[in-house]
Amino acid sequence: MGQLDRGATEVPAPPAIDLRSDVLSPPTPAMFEAMTHAEIGWTLHSEDPSVDRLERLGASMLGTEAALFVPNASTANLLALFVGAERGTAVLLDAIAHINVVEWYGLALGGLLTRTLTSDRGHLDPVEVAVALGDGAGGRAPRIGMLVLEDAHTFAGGVAIPPAEIVELSALAHDHGASVHLDGARLFDAAVALGVPASALCASVDTTAISLSKGLCAPYGGLLAGRAAVIERARTLSFRIGFGRIHKGGYLAAAGIVALETMVDRLADDHRRARRLAEALDRIDGLDVDLATVETNLVNARLDERFGDPEAVVARLRALGVGMMAMPGRQLRAVVHRGIGDDDIEATVRIVATALA
C-alpha cells in the first residue's frame, strides 16, 4: 500500500517550550520500564493484576473504599454525573467550572440541568450555595441532585481549595439530599500546594475524579474514587458504554502506579517555576497577572487591549518557540509541567517580552 496522502496538511511541530497544557508532560523512563514488565490479564473480567493494584493504590491515597481506572479525568467526571445525580435534577456548580465550560456534554447526556454560581477566584460562597440548595428543596427551582466542586480550579487560575471549605460546602449539599462530586483532575497539585494529603480533600465528598496524565506524567488514564457501591455502579456503566473495555489495560495501569508512587512530591517544582513565571510576566508592560491565584502550576496573564487579538499574540509566541493558550477574558495561559525547566522559564520571559515589545 502507498503512503497515506495527507494532501497539503502537515502535522505542525510542537513549540520548543510547550506551556499549553500539562497533558504534554513527558512520561518518565521508569514508567516505560514498568509498562514493559507489567503483568496483565483480562480487564473485562477484572482479572488484570496491574489494574487492580492501581485502583487499590488510588483508593488508598484518596482515602476512599474503591477506585475505577478510566481513560481520563473527563471520563471519570462523566461517570460521576451519571451515577451521582438523578436525571431531571440540577447540578450546582461554579459558572467557570471545567465541567460546565468544557465538559458540558456530560450534563446534557445525563439529562441534567445546571444551576451556576459566580465564584470568587474559584471559591464558592456558602451562603449562595445554601440559598440555591434551598430553592431546589423548596420547589422554587429544579431540585439540586449534585454539587460539583473543583480542586485545583482550572479557570480560576489553578487555585487550591482547602479542606475546610470543601467540608463546609459538602455538608450543605448533604443536608439538602444532594451528592457531592469533586473534579480533582489536578487534585494532587492542590494537595501539594496546601501541604495536606490528597485524602483530606476527598474526605467529605461522594466521588472524586483525578488525572494521571497531567502533572503526574503518566501516558494515559484517570481514576474515579468513592464508596464501593458507587464505584461498582460506575464500573458496570463504564462497561456498557465502552469505557471499561481497556484491553491490555495493565500496561497503562503500570505507568499509572509509577505516577502515583513517584511523581506527587515533584509537583512542588512545577509550582515554584509557575510562581517565578507569573511574577516575571506581571512585570512585563501589557500583561497583568493576579498573583493571588498562582498557587499551583497554572499562570493566567491578562493581555492589554492595545496588543490586539490574543490569538494573534499566541501565534506570534509559537513562531518564537513558546506555546501558550488564549483563554476567555483576554487571558494568556501557561501550564508548567515536568517538561519545563528553570531555563525554559527564563527563556519564556524573554520571548514574551520580545513578542510584546
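Which side chain makes a polar contact with the side chain of Asp-94? It is that of His-153, at 2.8 Å. The legends below take this spot first and then visit other parts of the model, which is a predicted one.

**View 1. Asp-94, a buried acid without a salt bridge.**
Asp-94 sits in strand S3, which covers residues 90-94. Although Asp-94 is buried, no salt bridge is found for it. The nearest side chain of opposite charge belongs to Arg-121, and that is 12 Å away. What Asp-94 does have is the 2.8 Å polar contact with the side chain of His-153. Beyond its neighbours within four places in sequence, Asp-94 is in contact with Asn-100, Leu-117, Thr-118, Ser-119, Gly-122, Leu-124 and His-153.

**View 2. Backbone geometry at Arg-121, Cys-217 and the Asp-151 to Ala-152 bond.**
Here is the background for this view: most residues other than glycine have a negative phi, and most peptide bonds are trans. Arg-121 has a positive phi, near 50 degrees. Its place is the loop between strand S4 (113-117) and helix H6 (126-137), and with a relative accessibility of 42% Arg-121 is partly exposed. Cys-217 also has a positive phi, near 75 degrees. Cys-217 belongs to the loop between S7 and S8 and is buried, at 0% relative accessibility. The peptide bond between Asp-151 and Ala-152 is cis, with omega about -5 degrees. Ala-152 is in the loop that runs between strand S5 (144-150) and helix H7 (163-175).

**View 3. The largest nonpolar core, seen around Phe-188.**
This core has 56 residues, and the members that touch the most others are Phe-188, Leu-212, Leu-216 and Leu-260. Helix H11 (residues 249-262) supplies the largest share, six residues. Leaving out residues up to four places away in sequence, Phe-188 touches Met-61, Leu-62, Ala-198, Ile-210, Leu-216, Leu-260, Val-264 and Leu-267. Another core lies apart from this one; it has 31 residues, including Leu-19, Leu-303, Phe-307 and Val-314.

**View 4. Helix H10 and what covers it.**
H10 runs over residues 228-241, and its 14 residues reach 20 Å from first C-alpha to last, close to the 20 Å expected at 1.5 Å a residue. Its buried residues are Val-230, Ile-231, Ala-234, Arg-235, Ser-238 and Phe-239. The elements covering them include helix H2 (49-62), strand S2 (66-70), helix H3 (73-84), strand S7 (207-211) and strand S8 (222-226). Just past the helix, Gly-242 has a positive phi of about 100 degrees.

**View 5. A salt bridge within H10, and the network around it.**
Glu-232 and Arg-235 are both in H10, three residues apart, about one turn of the helix. They form a salt bridge, with the closest N and O atoms 3.8 Å apart. The two partners differ in exposure: Glu-232 is partly exposed, at 44% relative accessible area, whereas Arg-235 is buried, at 15%. Glu-55 joins Glu-232 and Arg-235 in a network of salt bridges.

**View 6. Helix H2, from its cap to the glycine that follows.**
At the N-terminal end, Asp-48 caps H2, placing a side-chain oxygen 3.0 Å from the backbone nitrogen of Ser-50. The 14 residues of H2 should span 20 Å at 1.5 Å a residue, and the end C-alpha atoms are indeed 20 Å apart. Buried residues in H2 are Ser-50, Val-51, Leu-54, Glu-55, Leu-57, Gly-58, Ala-59 and Leu-62. After H2 comes Gly-63, with a positive phi near 70 degrees.

**View 7. Two salt bridges between helices H12 and H14.**
The whole structure holds 18 salt bridges, and two of them are shown here. Asp-342 pairs with Arg-272, with the closest N and O atoms 3.2 Å apart. Asp-342 is in H14 (residues 342-356) and Arg-272 in H12 (residues 267-282), so this pair ties together parts that are 70 residues apart in sequence. Asp-342 is partly exposed, at 38% relative accessibility, and Arg-272 is partly exposed too, at 42%. In the other bridge, Glu-346 meets Arg-276 with the closest N and O atoms 2.7 Å apart. Because Glu-346 lies in H14 and Arg-276 in H12, this pair likewise ties together parts 70 residues apart in sequence. Glu-346 is partly exposed at 29% relative accessibility, as is Arg-276 at 30%.

Technical notes: Residues numbered from 1 in each chain as written. Predicted model: local features only at pLDDT ≥ 70, side-chain atom pairs only at ≥ 80, totals over all residues. Heavy atoms only, no water. Helix = DSSP H or I, 4+ residues; strand = E, 2+ residues; numbered from the N terminus. Buried < 20%, exposed > 50% of the residue type's maximum accessible area, 1.4 Å probe, protein only. Lys, Arg positive; Asp, Glu negative; His and termini not counted. Salt bridge = Lys/Arg side-chain N within 4 Å of Asp/Glu carboxyl O. Polar contact = N/O pair within 3.5 Å; in protein donor to acceptor, adjacent residues only side chain to side chain. Contact = heavy atoms within 4.5 Å. Core = buried A, V, L, I, M, F, W, Y, C linked by side-chain atoms within 4.5 Å. Expected span 1.5 Å × (residues − 1).
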